[in-house]
Amino acid sequence: MSNRLEKEDSPYLQQHKENPVDWYPWCDEAFAKAEKENKAIFISIGYSSCHWCHVMEEKVFQNQECADILNNNFIAIKIDREERPDIDKHYQEVYQLLNNRAGGWPTSIFCTSENKPFFAGTFIPADDEAEALQGMGFQELTTLISGKIKEKDNDIFKNAEEIQDHLGRVSHPTQATMLKEDFRKNFMLQVKNNYDPKYGGFSSSPKFAHASTLNTLIVVDKLYEDKSAASMVKYTLDAMKKGGFYDLVDGGFCRYSTDNKWTVPHFEKMLYDNALLCETYTNAYLHFKDDSYLQIAKDCADFWYNFMSEDNLFYSASDAGSEGAEGMYFIYSYSEVHKLLVDNGYTNVESMLEEMSVTKGGNFEGKNIIRFENGEVPEYFTEVKILLQGLRKTRKYPFCDRKIQTSWSSMMIKSLFILGQVDVKYTARAQASLVVLMQTLYVDGQLYHTTLIHKKPKVKAFLEDYAYLAQTLLSAYKFTQNELYLIDAQRFANSALEEFYRNGVWNFSAGEFVTKAEIYDNTYISEVSVMLDVLFSLGTLLEDDKYSHFAFKTLEYNSYELGRKPVHSPFMLSQTLRYLKGDRVIKSDAENIKNQSNELARISYPFVLYKHSDENGYMICGDKSCFENTEDIKSIDGLVTNSFE
């Protein structure tokens, strides 16, 4: 029989509706029942494509003995971290406080009946597996906790009060630092210390893409002609696209690589990763003029459009596993690929298999992930890829989380606008998606965070939603010169300032949980840094100093941390360089700007905005004055560069 989660929209909560656990969603009813019956609260946080969340469900939440302990002694609450990131951020802070290290998912929190946390874990195995790991299993832990709660163990309640008191404190930087270009030198030193010179990237396994770091390195190379920055970017982008971490067959990037070589991925695909990497590869193509980067960007955008969208709205994620095992949809046996090539008339089958890294022993659990070790994709693969896609069509596609999120969707739409500078079909897609996103998640003057397609949104927007949507609207304005986009961007920026900003400090949420916004580019670019981009752009385009003032106060507030650890906040560093160097604005007739977008995109200076005017040619301006005019579009790059001398 289904539990209460049956009535929830979240795909993740729906995955747990048949558990024997008597789950509650996050609601007043659950907390009222806990207080009335004096029961401890167990809070489990995860998301639909999380591998270890699935494992914990299978081993623990589908285990009748575990369920009985929870049902008899606890009020159990399930939360989708993507639907309620404010709640997740709060409990990640709890985990950090109790364990002195960052948490992860699934997150397992135990609280008193008054919802005051006293224990935090991540994946907790069943008792038999815990014994093998020499740790405490779920049944043993929950039995121990429930006993202490019934006994009114003073230590637990005292601990919970201390934690609750600590969570209410807000820490502020002890000092500010003068903003200066030398922050870039510290950034480069820290990036080089993290860089993997053998395989590219900025960590060991598990290896993530760090798109924000790559984009900022491109900015550094543009500003300072830094050969080491260029080398790290190109080597990493080349390594990531060889296959594995990047899916050469369908397109799209996986969440991370489990090895240092980018060969064996964790096969889940997230919208934000693909949006940011689509932008990164497009930027790299425009800067380094490598056609292979453009192809990756296009394939990435096409994958999400063809596999992960509906009615011009983008799904949030697809799972790593299908048919009961991780990667089953993505991998191939030697025999099936060999037969496929022979049956389709290829004569040099053995050499083709070797080139595609398809062997009898395999490169993933006896089977094969398609990969070109030399980094070059041969011409025959255009046809072979279609044949390999045909094999995949006979398999069950991984579960797709069809949740639509304002922030993540905005990232992809922005990337499509940037890609549209090279191919206008992506501009058309971006505009169509932006219209539907606004219709779906901006309802009766209220912006919302998430919903399912054709469902009414319920969760109000957080700072990241306002920030990423406003940034995307400014990209839409830049490449179309439709002033309605600029007006909307200003509206959402004003709302964000009013709701989330106080004296240089940005909050992520402002409702039930008031949580401080991130300045680090962790899973994706910090919402605070994105707001800096929005505010600087509005200040320049509208010639309104108030937006620039709010941006400066934000930078000033975070200057000490940024100066010490710029590697953690790459996009904020790029916005600091922007503040110090200044914007350049190209003014021209709107049709000129749209028709010459490809040429304008190749301007080497990274902080360039466009604004339509009655100019016959092109006027080059700073944020307060104009100083050059030309009718030769090819001379603009030099004129912008010379404007700093």
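P206 sits in the loop that links helix 9 (183–194) to helix 10 (211–224), and the peptide bond leading into it from S205 is cis, with omega near -5°. Keep in mind that this is a predicted model. Below is a quick tour of the backbone oddities, the strand pairings and a couple of helix packing spots.

**Cis peptide bonds**

- Most peptide bonds are trans, and most residues other than glycine have a negative phi.
- Besides the bond from S205 to P206, which is cis, a cis peptide bond joins W105 and P106, with omega about 5°.
- P106 belongs to the loop between helix 5 (85–99) and strand 3.

**Positive phi outside glycine**

- K152 has a phi near 55°, a positive value even though the residue isn't a glycine.
- You'll find K152 in the loop between helix 7 and helix 8 (154–167).
- Is K152 buried or exposed? With a relative accessible area of 56%, K152 counts as exposed, because the cut-off for that label is over 50%.
- N503 is another non-glycine with a positive phi, this one about 50°.
- The loop holding N503 runs between strand 18 (501–502) and strand 19 (505–506).
- N503 is exposed too, at a relative accessible area of 72%.

**The hairpin of strands 3 and 4**

- Strand 3 (residues 107–111) and strand 4 run antiparallel and are joined by 4 bridges.
- In that pairing, I109 stands opposite A120 of strand 4.
- The hairpin has 5 residues between its strands, and N115 has a positive phi near 65° there.
- How many residues of strand 4 (residues 117–121) are buried? The count is 4 of 5, so this strand is mostly covered, buried being under 20% relative accessible area.

**A three-stranded sheet**

- Strands of a sheet pair through backbone hydrogen bonds, in either a parallel or an antiparallel way.
- Here, an open sheet of 3 strands follows the order 7-10-13, with antiparallel pairing.
- Strand 7 (269–270) and strand 13 (400–401) are the edge strands, each pairing on one side only.
- Strand 7 pairs with strand 10 (residues 317–318) over 2 bridges, in the antiparallel sense.
- Within that pair, M270 has A317 of strand 10 as its bridge partner.

**Helix 3 and its surroundings**

- Which residues of helix 3 (residues 51–61) are buried? They are C53, V55, M56, E57, V60 and F61.
- These buried residues pack against several elements, including helix 1 (11–15), strand 1 (40–46), helix 4 (64–73) and strand 2 (74–80).
- Strand 3, the one from the hairpin above, is also among the elements they pack against, as is helix 7 (138–150).

**Helix 22 against helix 23**

- Two packed helices are described by the angle between their axes and the distance between the axes.
- For helix 22 (residues 545–564) and helix 23 (residues 570–581), the axes come within 11 Å and cross at roughly 125°.
- That angle makes helix 22 oblique to helix 23.
- The crossing of helix 22 past helix 23 is left-handed.
- On the helix 22 side, the contact uses F552, L555, N558 and L562.
- Facing them in helix 23 are M572, L573, Q575, T576 and Y579.
- What is the make-up of this contact in nonpolar, polar and charged residues? It has 6 nonpolar and 3 polar residues, and no charged ones.

Definitions and conventions. Residues numbered from 1 in each chain as written. Predicted model: local features only at pLDDT ≥ 70, side-chain atom pairs only at ≥ 80, totals over all residues. Heavy atoms only, no water. Axes fitted to C-alpha atoms, helices over the stretch in contact; angles between N-to-C directions. Parallel < 35°, antiparallel > 145°, perpendicular 65-115°, else oblique. Left-handed = near helix turned anticlockwise from the far one by under 90°. Contact = heavy atoms within 4.5 Å. Nonpolar A, V, L, I, M, F, W, Y, C, P; charged D, E, K, R; others polar. Buried < 20%, exposed > 50% of the residue type's maximum accessible area, 1.4 Å probe, protein only. Pairing = 2+ DSSP bridges.
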